[in-house]
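Ready to practise reading a protein structure? Work through the exercises below one at a time, and try each task before you look at its solution.

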Amino acid sequence: MKSKTQKITTIAMLCAIAYIVTAVGRIPVVLFLKYDPSDVIVTLGGLIWGPMTSLIVSVIVAVTEMMTLSDTGIIGCVMNIVSTCSFACTASAVYKKKRTLSGAVTGLVSGYAVMTTVMMIWNYSVTPLYMGYPREAVAELLLPAFLPYNLLKGGLNAGITFLLYKPVVTALRKSGYLSPSNGNRKSRSRGPALLACAVILTCILFLLSLNGII
């Protein structure tokens with residue numbers, strides 16, 4: 001019973017944080033496309049508690065956003081769910097099978113690749129239905145707008161998630177939400193963390209250049 005209550009509380013907490021981040025953390029990227037780090041929250045939940053947690057949180061947050069913040073209706077809601085799950089569920093599913101540093105990196109890179117591919121297909125197929133754009137116009141925007149947006153979004157999601165995972169897990173263990181690790185602690189290579197920082201910095205510079213700031 002305690003475990004079930006704790007899981008419900010955790011999902012509610014993740015949903016609340018992800019929704020707040022969605023509401024206040026949106027950054028314009030290109031055209032009508034905006035980035036917010038809510039996928040990072042969803043992915044952290046999946047890496048810690050499994051891909052089903054990512055699925056549940058992404059659906060709840062997307063539906064809540066549709067009812068309160070978004071004007072794209074049910075189609076936009078479905079696209080949000082597909083985008084988030086293609087990244088978060090892929091990353092957490094891979095990591096669930098191999099809970100190591102290399103498994104985490106592989107999972108995040110896989111999520112990055114799957115999300116970018118899936119959303120390019122969905123942007124071409126579905127965007128005309130709810131944005132009112134002719135499909136030909138959407139096709140012309142795939143490479144100059146949608147591809148850079150998805151690459152930037154996936155890069156930021158992967159880099160930020162990687163850097164936050166260990167501190168979040170440590171904090172949850174100290175607070176009693178996670179049981180202490182039974183394995184021997186090994187020193188963590190700085191290489192992947194530096195790579196994650198480089199990816200984030202590159203994405204920020206890319207974002208600034210897209211908005212004409214630099």
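**Exercise 1: The cysteines**

Cys77 has a relative accessible area of 3%, so Cys77 is buried (under 20% relative accessible area, with exposed meaning over 50% and partly exposed in between; 1.4 Å probe, protein chains only). Before going on, note that this is a predicted model, in which local features need pLDDT of at least 70 and side-chain atom pairs count only at pLDDT 80 or more, while totals for chains, interfaces and linings use all residues. Residues are numbered from 1 along each chain as its sequence is written, and side-chain values use heavy atoms, with hydrogens and water left out.

Task: find how many disulfides there are, and check Cys77 and Cys197.

Solution:
- Step 1. Take the rule: a disulfide is a pair of cysteine sulfur atoms within 2.5 Å.
- Step 2. For Cys77, the nearest cysteine sulfur belongs to Cys85 and is 11 Å away, and Cys77 is in no disulfide.
- Step 3. For Cys197, the nearest cysteine sulfur is that of Cys203, 12 Å away, and again there is no disulfide. Cys197 is partly exposed, at 38% relative accessibility.
- Step 4. The count comes to 0 disulfides.

**Exercise 2: The nonpolar cores**

Task: work out which element gives the largest share of the largest nonpolar core.

Solution:
- Step 1. A nonpolar core is a set of buried Ala, Val, Leu, Ile, Met, Phe, Trp, Tyr and Cys residues joined through side-chain atoms within 4.5 Å.
- Step 2. The largest one has 25 residues, and those that touch the most other members are Val29, Val30, Ile48, Phe146, Leu156 and Tyr165.
- Step 3. Among the elements giving two or more residues are strand S1 (27-30), helix H2 (38-49) and helix H6 (135-175). Helices (H or I, at least four residues) and strands (E, at least two) are DSSP runs, numbered from the N terminus.
- Step 4. The largest share, 10 residues, comes from H6.
- Step 5. Look also for a second, separate core: it has 11 residues, including Met79 and Met115.

**Exercise 3: A residue in helix H1**

Task: decide whether Thr10 is buried or exposed, and find what Thr10 touches.

Solution:
- Step 1. Locate Thr10 in helix H1, residues 2-24.
- Step 2. Thr10 has a relative accessible area of 2%, so Thr10 is buried.
- Step 3. Leaving aside residues up to four places away in sequence, Thr10 touches Trp49 and Tyr177, where contact means heavy atoms within 4.5 Å.
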